[in-house]
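Here's a quick tour of a protein model, aimed at someone who would rather look at strands and side chains than read a long introduction. Have the viewer open and follow along.

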Amino acid sequence: MNLSRASSLLGSTRRSLPPLIYGHSKISVARFAHSSFASTQDLSYWKRIPVWSNVPDEEFISYKWQTGNSVNNSRQLFVFLKTVLPNDIPPSSEFPSSPRNVDELINDVQDGIRRAPMAVKLTPHLLSLINWSDPLHDPVFRQFIPLGSRAKPDHPKLTLDSLDETGDSPVKGIVQRYPDRAAFISTSTCPVYCRQCTRSYAVGAPTENVRKKPFLPIHKKWEVMFDYVERTPTIADMLVSGGDTYSLSPDDLRMIGMRMLSIPHVKRLRFASKGISFCPGRIIDPEDGWADVIIDLTRQGRKSGKSVAIHTHFNHPNEITWITRKAAQRLFEEGVTVRNQSVLLNGVNNNVDTMKSLINTLTSMNIQPYYVFQCDMVHGIEDMRTPLHEMLHMESMIRGWTSGFMTPNFVVNLPGGGGKRLACSYESYDRATGRSTFLSPESKDAARRWEYWDPLPSSPAVTGV
């Protein structure tokens, strides 16, 4: 593969950046890389990738460079894979039909993409985290790149909009499942697409299997949503979600945030973004104002006695680099609360030691481990779901191991719109059938026994790494 040709196809651009402006002083990335935040293992980790081997630290951190060099479709992904994969692929013992060489793996990825509910979109940061010498056992690869050889039939109880968000939408773009809180769906795009996305019915480009119902960030539509929040005084807690709020421009982010803070009965404001996971450099990029807006909204909120927070999404400690730590440190120093919501995923983090490592790493960065979700019953990802008993065992091993405020809640978001319930609060659980039931007194049907179903037994369990 001609690397210059691959670089061109990936939309490579080059530019120089001044030293990063961090707090009130200029700090060079190179000097930070040798500080206590960085480990020698991940200095310039992206230089292992042939097409990015000459990219300097300051350029890699740039959000404009990251988005300009992202893999945005399957064609670009196949070109990229040919530059990074070895000829022989270490086999997976859990999946006997797994590919053994580069051509078989690329064909397997093609088959996986044809079956997948989510389109392909990956940043250089994420692609640089993957161990390309052994991709079949890599926890980051598993979350973002589907393989046809691992595909399993959908559970017969599964629906495309698994949480019935459209049924809990009083106006388009608002999801209100609880009296005192609601979600403001600001966009249906993300800078990256996760395989297990709950909103695969709406988020991202259409795929061969899913026709999307997108929600574009149009101010005219937002006005209808703002109006609903303003005339619903029971709402005290607003989650600005998507898609991913990282997709919003700083101006749009500020407009939404200030409008929400101006509503007297809205006391808490959360912004949902995986951004610090898939593109942490934006938080410390001096040429991008997204983080500056979050910091300013936090200050404005505190002056009014209102809390502002980021809810982010890390699933594995391998997703964290020195750039991630620097980004988290900036937010911490500026007083921004960051909470993490993980999803328990087969072959990624369904391992007690892995989850403990993730919790330790997050708390060392002052990111609160808030939730660990049972994976939703989403179309096309049966190979990623885990049975409820794995979550119950994990919680039993983790609760009491560390301080209570550092221990996440292990929860099930009930299919059909029953809301979040602690996994251990189940009413009944039959491991033979995989059926668990829950009561949800504050849900839209308080008397209903809400069901969650384990993945079909044909799905082999894979121990998270």
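What follows covers the sheets, one strand in particular, and a few salt bridges.

## The nine-stranded sheet

Keep in mind that this is a predicted model. One part to look at is an open sheet of nine strands with mixed pairing, in the order 3-4-5-6-7-8-9-10-11. Strand 3 (174–178) and strand 11 sit at the edges, and each of them pairs on one side only. If you ignore direction, neighbouring strands here are turned by 25 degrees against each other on average.

Two helices to pick out pack on this sheet. Helix 12 (residues 290–303) touches strand 6 (268–272), strand 7 (307–312) and strand 8 (337–344), and its direction makes about 145 degrees with that of strand 7. Helix 14 (residues 352–364) touches strand 8 and strand 9, with about 150 degrees between its direction and that of strand 9.

## Strand 10 and its neighbours

Now zoom in on strand 10 (residues 409–414), which is mostly covered: five of its six residues are buried. On one flank, strand 9 (residues 368–374) pairs with strand 10 in the parallel sense, over three bridges. Phe373 has Val411 of strand 10 as its bridge partner. The connection between these two strands goes by way of helix 15 (residues 388–398), and strand 9, helix 15 and strand 10 together make a right-handed β-α-β unit.

Strand 11 (residues 419–422) pairs with strand 10 as well, this time in the antiparallel sense and over four bridges. Val411 turns up again here, standing opposite Leu422 in strand 11. Strands 10 and 11 form a hairpin with four residues between them, and Gly416 in the turn has a positive phi of about 90 degrees.

## The three-stranded sheet

There's also an open sheet of three strands, in the order 12-13-14, with antiparallel pairing. Strand 12 (428–430) and strand 14 (449–453) are the edge strands with a single partner strand each, so one side of each has no neighbour in the sheet. From one strand to the next, the twist averages 20 degrees.

Strand 12 and strand 13 (residues 435–439) run antiparallel and are joined by three bridges. For a concrete pair, take Ser428, whose bridge partner in strand 13 is Thr437.

## Salt bridges

How many salt bridges does a search of the whole structure find? The count is 22. One of them joins Asp168 to Lys444, with the closest N and O atoms 3.1 Å apart. Asp168 lies in the loop between helix 8 (139–144) and strand 3, while Lys444 lies in the loop between strand 13 and strand 14, so the pair ties together parts that are 276 residues apart in sequence. Asp168 is buried at a relative accessible area of 9%, whereas Lys444 is partly exposed at 45%.

Arg195 and Asp383 form another salt bridge, with 2.9 Å between the closest N and O atoms. This pair also links distant parts of the chain: Arg195 is in the loop between strand 4 (181–185) and helix 9 (219–230), Asp383 is in the loop between strand 9 and helix 15, and they are 188 residues apart. Both Arg195 and Asp383 are buried.

Then there's Arg282 with Asp288, whose side chains meet at 2.8 Å, N to O. Arg282 is buried at 3% relative accessibility, and Asp288 is buried with a relative accessible area of 14%. Finally, salt bridges with shared partners join Asp164, Asp168, Arg177 and Lys444 into one network.

Conventions:
Residues numbered from 1 in each chain as written. Predicted model: local features only at pLDDT ≥ 70, side-chain atom pairs only at ≥ 80, totals over all residues. Heavy atoms only, no water. Buried < 20%, exposed > 50% of the residue type's maximum accessible area, 1.4 Å probe, protein only. Pairing = 2+ DSSP bridges. Right-handed = clockwise from strand over helix to strand, strands pointing away. Axes fitted to C-alpha atoms, helices over the stretch in contact; angles between N-to-C directions. Contact = heavy atoms within 4.5 Å. Salt bridge = Lys/Arg side-chain N within 4 Å of Asp/Glu carboxyl O.
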